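Take a look at the chain below. This report walks through some of its strands, its domains and a piece of its surface.

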Amino acid sequence: MRYGHFDDAAREYVIETPATPLPWINYLGNEDFFSLISNTAGGYSFYKDAKLRRITRYRYNGVPADNGARNYYVSIMSGEGTDATPVETFSPTFLPTKTPLDSYQCRHGIGYTVFEAAKSGIKTTLTAFVPLHTNAEINRFDVTNTTDFTKTIDITGAVEWCLWNAVDDSTNFQRNLSTGEVEIEQREDATLLYHKTEFKERRNHYAFWSVNTPTIGFDTDRATFLGQFNGWDTPQVIAEGHAHDSYAHGWSPIAANRVRLTLQPGETRSLVFMLGYIEVPTDQKWEDPNDPAKVGIINKQSAHDLYERFATVEQIEAALAELKDYWNQLLSIYTVESGDERLDRMVNIWHQYQCMVTFNMSRSASYWESGTGRGMGFRDSNQDLLGFVHLVPERARERIIDIASTQMEDGSAWHQYQPLTKKGNADIGGGFNDDPLWLIAGTYAYLAETGDTSILTEPVPFNNVEGSEAPLLEHLRRSANYTMTHLGPHKLPLIGRADWNDCLNLNCFSATPGESFQTVENNDTGIAESVFIGGMFVLYGGQYADILEHYGTDCGMSSSETSAEVAHVHEAIKDMTEAVKTAGWDGEWFVRAYDAYSRPVGSHTDNEGQIFIEPQGMCVMAGIGLDDGKAQAALTSVRDRLTCEWGTAILAPAYSTYRIELGEISTYPRGYKENGGIFCHNNPWISIANAVAGNDDEAFAVYRRNCPAWLEDKSDIRKVEPYVYCQMVAGPEAAVPGEGKNSWLTGTAAWTFVDVSQYLLGIRPTLDGLAIEPHLPAEYTNLNVTRKYQGKTYHIALERTGERTLKVNGQPVDGTLVRASAQDADDVEVTVTF
């Protein structure tokens, strides 16, 4: 690999050149304050909501790309005092100056990123992270003089403020260029530059940029800092060798602190730059509202408190150690020793790390999602729970309540909600008919992981309307009932605006350029149906019935009510299974849908789009066709017709023309995105389906084909990060097969971890305990899995013998289930042969 390598011991990916095919990024922050950071220090920061609380500015369409984020300038100076002039300037992250470095390394770790660079005898180390329980990003900057001569070094750290609402910031210039406000606090030991735009009116929050050492100057006005005709690569004040102490009044406020160091040979100095976010009570916004001399001066006490927590190197080291300990604990919950370093690194590190990031972000903020449109997805967030719930179950519980609170009284849902307000996003709307069933999936996963049945009786509103609260179990009932009462001519579920595939818009019929496929509805006749949702209902309707059977009477239902409801759901599942097997069967695979004219989509009767991946995966995962050969036939068709070296495509053959009755799916060029691309999200469904069907070799082959650790040596083609999944890889019909897009924020993360942990390695939580049934190819013979589960640690030894047996603490157990309630000791020894 010419770009970098895995360091599994340190849990890092080490990038050895800034010239990666695309920016390769990391995420900082685990709770409310988040930052994106690339291997050249690009990205931005925000509090909770990347749209409504954007702190620093970023330009997605900027040329060159990834420019102007954390801007650091190291100037080797000549001369004394105010007469000193820069001899040479470089950036320790390569950008923005683009000065060639003598050495460069970027280490993306779990919640932190470290840059190490050297130029002309000056060595730098920049460590960026967000401490636990802290609304701030810390940048520790170490600089060492490795020469035999005394060196004078000026270090400037600069950020550009976003005016809070990222959409308004990039559009409303007639207002914004007049509103920017800053305050400067230049102390003997530090300088804090405050961004207080709109603080005097309706906002109760501000941000600041600080450095923990005396400064020789600052700038807060972008035009002054950069100068005319210059970009962040060649700021005027850096070329001149001194700051201008500029004060922004409107226009584009920034924050730049300049520090001068005199370094003896071999000497190292450490600086701490901080980007902080502060909220204050409305009645405490001002330093002294009764003093005319202090009118408009913000109350800085909270900022001072935050700054003082991280003002020394010792405090920084302690905070970073705390962050690493936190992740050590999380990543000890599920670990494997397989003898295959690629499998171990993905399961033990990168799968689970990406699951945390997708849980935090949903699909809102990446280098592909700008954070300005999408919020938290109803469907997305429920699926993300599946791979995250074992890490921090209490946060998963809170997320389930947030999601359910956006559900409508009839069981349908807003498709997205804003994380800051937790209210449904009307700009995206609802009517995506798969959404309700995902709430059952997320809740079942939480119950299976924790056994916490109190969530089922938690009062949860509908559409966040006060007074509409009902127990979460009632929300699940309405989710299932929505599907059961919205059936089409073939007794299959109505698709609504779309099902899982947002681009299969069978009721849209859009002929207007620029019209949103996601919100317009020109021809909803109540005819278009989804075979995919039919498979979902069989799977998750079954989980709903399982929840009722286990906990219905504990949630206030009588035995007779529970039995009647369970019987009703099972009867609906039986009917749905029959509908899928008949109207939903095309002869060698499952039909995808029926359009608004009641014509099959995903059928051999068409010359394009004959087979789709989604129903093959979901229907077989639900167990449909396992009894009569249909499941095996469908999976064989997937392997033969959809699969290539890069993974399994979403459909084939790709559509060559726009089909108004299908919608956005047919707008993409052939082989890209939903029109024949490899949509990595549903490849795990095919892997799980093969495992369920007993095709262990193919189950693992599907996993391996688009697993980043197996594709690292193909980064020139794949382009995206080799340590995390991307949403889409260009399919076999594309002009350039194998190119990845939309990395990090994808349901692939959660589903792949579910696949590898619960089906391939085979340790699956249920409402009764851990079901253990591995599905691995022949090369895996002896493995050890550690799984913390409901307060106990399970040490599971897996050995290939050709016979399936299970022992718990040395005692044989029939079947594949280790019952959680039967274990007394904190450590449980489990031996499995397969």
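Thr 793 in β38 has a bridge partner in β42, namely Asp 827. This pair belongs to a predicted model. In total, 7 bridges join β38 to strand β42, which covers residues 827-833. These two strands run parallel.

β38 has another partner. Strand β37 (residues 782-789) is joined to strand β38 (residues 792-799) by 8 bridges. Here the strands run antiparallel. One contact to find is Thr 786, whose bridge partner in β38 is His 795. β37 and β38 form a hairpin, with 2 residues between them. Gln 790 sits in the turn and has a positive phi of about 50°.

The table lists bridge counts for four strand pairs.

| Strand pair | Bridges | Direction |
|---|---|---|
| β37 and β38 | 8 bridges | antiparallel |
| β38 and β42 | 7 bridges | parallel |
| β36 and β41 | 3 bridges | antiparallel |
| β32 and β33 | 2 bridges | antiparallel |

Next come two open sheets. One has 3 strands in the order β35-β36-β41, with antiparallel pairing. Why is one side of β35 and of β41 left without a neighbour in the sheet? β35 (763-765) and β41 (817-819) stand at the edges, and each has a single partner strand, so one side of each stays free of a neighbour in the sheet. Neighbouring strands of this sheet are turned by 25° against each other on average, direction ignored. Strand β36 spans residues 769-772. Leu 770 stands opposite Val 818 in β41.

The other open sheet has 3 strands in the order β32-β33-β34, and its pairing is antiparallel. Its edges are β32 (678-679) and β34 (740-743). Each of these has a single partner strand, so one side of each lacks a neighbour in the sheet. Strand β33 covers residues 726-729. Within β33, Met 728 is the bridge partner of Phe 679.

Now step back to the whole chain. It is divided into domain 1 (16-327), domain 2 (332-759) and domain 3 (764-833). How many Å separate the centres of domain 1 and domain 3? The separation is 50 Å, taken over C-alpha atoms.

Finally, the surface. Phe 173, Leu 177 and Trp 251 form a nonpolar patch there. Together they have about 330 Å² of accessible area. Is Trp 251 buried or exposed? Trp 251 counts as exposed because its relative accessible area is 57%, and exposed means over 50%. Trp 251 lies in the loop between α4 (236-240) and β18 (253-263).

How values were computed:
Residues are numbered from 1 along each chain as its sequence is written. This is a predicted model: local features need pLDDT of at least 70, side-chain atom pairs count only at pLDDT 80 or more; totals for chains, interfaces and linings use all residues. Side-chain values use heavy atoms; hydrogens and water are left out. Patches are made of residues with over 30% relative accessible area and no salt bridge: like charges are joined within 9 Å, nonpolar side chains (Val, Leu, Ile, Met, Phe, Trp, Tyr) within 5 Å. Accessible areas come from the Shrake-Rupley method with a 1.4 Å probe; for residues, only the protein chains shown count as cover. A salt bridge is a side-chain nitrogen of Lys or Arg within 4 Å of a carboxyl oxygen of Asp or Glu. Helices (H or I, at least four residues) and strands (E, at least two) are DSSP runs, numbered from the N terminus. Buried means under 20% relative accessible area, exposed over 50%, partly exposed in between (1.4 Å probe, protein chains only). Two strands pair if DSSP finds at least two bridges between them. Axes are lines fitted to C-alpha atoms, for helices over the stretch in contact, and angles run from 0 to 180 degrees between N-to-C directions. Domain bounds come from an automatic or database domain assignment.
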